[in-house]
Amino acid sequence: MTSHENSGSIGTARVKRGLADMLRGGVIMDVVNPEQARIAEDAGAVAVMALERVPSDIRRDGGVARMSDPQMIQEIQATVTIPVMAKSRIGHFAEAQILQALDVDYIDESEVLTPADEVNHIDKWGFTVPFVCGATNLGEALRRIGEGACMIRSKGEAGTGNIVEAVRHLRTINQAIRMLQLADEAELYAMAKDLQAPLPLVQEVAAAGKLPVPLFCAGGISTPADAALVLQLGAEAVFVGSGIFKSDDPERMAKAIVEATTHYQDAAVVARVSTGLGAAMKGFETATLEQRLSERGW
Amino acid sequence: MPRVGVLALQGDVREHTASLQRLGIEPLLVKTPEQLALVDALVLPGGESTAIAHLLITSGLREPLQERLNSGMPAFGTCAGLIALSSEVLDGRADQWSFHALDVSVRRNGYGRQVASFETPVELSTGDLVPGVFIRAPRIERFGDSVEVLATHDHGDGAHPVLVRQGAVWGCSFHPELTSNTVIHEIFVKAL
């Protein structure tokens, strides 16, 4: 047995997608300070998303929403042992460069922040840090993967506490994947054109029957039942934004959503953890919203 | 043939399942004490070690799994699974616990955060060369006399073990399950 001294290859697609694989079956929680990050880790979160305001507060406050203050991200990194993610604006590669320099574990190029570029997303291949991006349909998901995203999440409608948009996005993505599986090879060219997605990725999805990267759910998850619903619809993990720290009892809600995510196929467990939780976040009816965040991104 | 289970609370359960299936084994997914009672050997997957530790308690699996490991059940842990099987966790949470089934001290994220995650070929003591995918990997910083080192990696500061065995319990810092190479799974399964 010989030992080869080397530091290996960093930033490969396999190590970037691999971290997303490690988060599967888990809950990623939005936190705005070290105390919340501690509560999230204690509750069994697989990662935290460090941001200055949760989406429901961004929605309430209005104005331009930007990358968080590095100091706040570093305080959270110093508090927890689990991965720390942070958000950059769509197309704002300088914010992403800063987040990579801060050693965050994943960057969410997120429609929750105000977009910086109305045409282009970040070219994510050039980064060592992996990216997650939101999608509302398969074409959008494949465009993001084509740009180098290593994890896709449904956009849902962040900050509403309403699961309806996330369900629509998951069903839309999975229906389109099933359509590709049914198509013959000649039909995939036209389908790639209709999806506005790169042909090689369309062919890959048609053959595999799934995205080449993990598909997570975000946007509107507020109860253990919401988590069980989206996992049964094919999501491989969940992001919970406002749903935990805008509920009556964040510690219990966080633990309950973690347990429901693992045992999503066991309704008796989901029933037990849902019992006596107190009020979930109040939420919004999405039909009456003035600003639909899920329409951001191209 | 012994019945092999994969601990399925969180993490890359699907990849371990696929690796075992390539060897002709249909593993049982273990989320409950009842399912644990049905298996003769257990694979502990990669994932987040703190989340898996939390879910082992809330799922009622910590005590029965500790008893099975104490009574010699074969087990194979990768990354977070290695941390769970170890006897000491460095840089973990203050209340981080482990099963003490493998006499090693592991440092969480001992090779750095995600931007330092890396791939490198790893040579086993059998002579096999396998792809090593290290993701926020734990580093084995100490191992007991009864621990057999089956592979090491030198990350520029001396060779550290990355695949170890103590009796029926095996631990790996990296993720053979993220590749199509099944050499390490095969070694574990053949020893059952």
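This briefing describes how chain A and chain B meet. The structure is a predicted model. In it, 52 residues of chain A are in contact with 51 residues of chain B. Together the two chains bury about 3900 Å², and 50% of this area lies on carbon and sulfur atoms.

**Charged and polar links**

- The rule finds 7 salt bridges across the interface of chain A and chain B.
- One of the salt bridges joins Asp105(A) to Arg113(B), with the closest N and O atoms 2.7 Å apart.
- This pair satisfies the rule because the limit for a salt bridge is a distance within 4 Å.
- Across the interface there are also 22 residue pairs in polar contact, counted where both residues have pLDDT 80 or more.

**The side of chain A that touches chain B**

- Four elements of chain A each supply at least two residues to this side: β1 (9–10), α1 (13–22), α2 (34–42) and α12 (250–262).
- Of the contributions to this side, that of α1(A) is the greatest, at 7 residues.
- By residue class, the side of chain A that touches chain B consists of 17 nonpolar, 20 polar and 15 charged residues.

**Strand pairing between the chains**

- Strand β1(A) pairs with strand β7 of chain B, which covers residues 118–123.
- The pairing of β1(A) and β7(B) is antiparallel and extends over 2 bridges.
- Within this region, Ile10(A) stands opposite Phe118(B), a residue of β7(B).
- Strand β1(A) thus appears twice in this account: it pairs with a strand of chain B, and it supplies at least two residues to the side of chain A that touches chain B.

Definitions and conventions
Residues are numbered from 1 along each chain as its sequence is written. Chains are lettered from A and ligands numbered from 1 in the order in which they are written. This is a predicted model: local features need pLDDT of at least 70, side-chain atom pairs count only at pLDDT 80 or more; totals for chains, interfaces and linings use all residues. Side-chain values use heavy atoms; hydrogens and water are left out. Contact means heavy atoms within 4.5 Å. Buried area is the accessible area (1.4 Å probe) that two parts lose on being put together, summed over both. A salt bridge is a side-chain nitrogen of Lys or Arg within 4 Å of a carboxyl oxygen of Asp or Glu. A polar contact is a pair of N or O atoms within 3.5 Å; within protein, one must be able to donate a hydrogen and the other to accept it, and residues adjacent in sequence count only if both atoms are side-chain atoms. Ala, Val, Leu, Ile, Met, Phe, Trp, Tyr, Cys and Pro count as nonpolar, Asp, Glu, Lys and Arg as charged, and the others, Gly among them, as polar. Two strands pair if DSSP finds at least two bridges between them.
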